[in-house]
Amino acid sequence: MSEDRRRRVQRLKKLIIFTLIVFLILPLVLCGFLFYKVFSLEKQLDRMEQLLQTKIETQKVEMAKAYTLPAEEPEEEEEEKPAEPDVGRKVYLTFDDGPSANTNAILDVLAQYNVKATFFVTATNADAYGDCYKRIVEEGHSIGIHSYSHIYQEIYSSLENYQADFNRLQEFLKEKTGQDVKICRFPGGSSNTVSRVPMNEIIDWVTEEGFVYYDWNVSGGDADNSYVSAQKIYESTIQGVSEHTNVHVLLHDSGNKTSTVEALPLIIEEILNMEDTALLPITEVSTPIQHSVITKEY
Ligand code: ZN
């Protein structure tokens with residue numbers, strides 16, 4: 001082999017190797033570079049997707065807040081609950097069983113002294129004295145549920161009967177006065193021994209219905225069928241009032257109890273002369289006297 005030919009072969013070899021390098025290795029490097037680029041782009045996309053997701057979530061929360069905030073804002077329900085004066089003794093005169101032939105006379109006396117009281121009414125005389133319900137309310141007194149029929153044997157024979165009588169009077173009073181009455185007094189009080197339904201069942205029900213029931217801790221002694229003098233009613237009432245600071249006085253508004261009407265001016269004058277004492281109508285904020293839960297003596 002000549003020297004020349006050997007050199008040519010050598011050059012050819014180099015050329016082949018160079019070409020191989022250029023055509024094989026370069027694409028490999030290029031491929032690697034492209035792979036790296038794609039990979040990092042994918043990573044970037046992932047990150048962007050994450051960011052976007054976070055942003056969407058934040059916006060969602062913000063939007064939810066914006067929409068729910070007005071509803072969540074504590075609405076200041078300023079129910080007009082009449083506050084009671086801050087006095088040492090509060091006296092609530094209560095009249096059961098009306099209206100009757102005496103209701104207007106009782107209201108006249110209360111108006112004369114500008115004193116407010118409470119009437120736990122029935123519907124037994126509604127035909128004759130139907131106008132009294134409205135007068136009671138219009139003159140600023142409280143009205144409460146006693147019983148529509150006031151027939152113990154009927155109302156206390158079953159819970160259903162009690163409820164029917166109660167609901168009937170509630171609707172009747174709404175119609176007569178426009179008021180949603182929320183106070184009541186059980187016929188015979190919560191400690192009566194007449195009811196064939198356990199009183200706690202009835203109490204639970206009226207409480208669930210949103211009512212507060214009021215018993216009494218002082219009695220004018222006019223509940224008996226026999227005649228009780230005005231002097232006796234006055235004395236019993238004032239004696240009782242002097243013994244308590246939260247005084248719920250039981251009196252009756254029945255046609256035959258004229259001595260109660262007679263005693264009323266004396267009772268009111270005596271109480272108005274007592275120091276640190278107020279005569280008030282019962283409202284939902286009044287502290288009740290409840291025979292069935294005597295835990296505290298006022
Ligand atoms: Zn009664």
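**Asking why: a loop aspartate, a helix pair and a covered strand**

Author: Aspartate 224 sits in the loop between strand S6 (218-219) and helix H8 (230-243). This is a predicted model, where local features need pLDDT of at least 70, side-chain atom pairs count only at pLDDT 80 or more, and totals for chains, interfaces and linings use all residues. Residues are numbered from 1 along each chain as its sequence is written, and side-chain values use heavy atoms, with hydrogens and water left out.

Reader: Why is aspartate 224 called partly exposed?

Author: Buried means under 20% relative accessible area, exposed means over 50%, and partly exposed is in between (1.4 Å probe, protein chains only). Aspartate 224 has 47% relative accessibility, so it counts as partly exposed.

Reader: What makes H6 oblique to H7?

Author: The axes of helix H6 (residues 159-177) and helix H7 (residues 199-208) come within 11 Å and cross at roughly 40°. Under 35 degrees would be roughly parallel, over 145 roughly antiparallel, 65 to 115 roughly perpendicular, and the rest is oblique. That crossing therefore makes H6 oblique to H7.

Reader: Which residues of H6 and H7 make the contact?

Author: With contact meaning heavy atoms within 4.5 Å, H6 brings Leu159, Tyr162, Gln163, Phe166 and Asn167, and H7 brings Glu201, Ile202, Trp205 and Val206.

Reader: How do you know that strand S3 is mostly covered?

Author: Just count: in S3 (residues 142-147), 6 of its 6 residues are buried.

Reader: And what makes S2 and S3 a pair?

Author: Two strands pair if DSSP finds at least two bridges between them. Strand S2 (residues 118-122) and S3 have 5 bridges, in the parallel sense.

How values were computed. Helix = DSSP H or I, 4+ residues; strand = E, 2+ residues; numbered from the N terminus. Axes fitted to C-alpha atoms, helices over the stretch in contact; angles between N-to-C directions.
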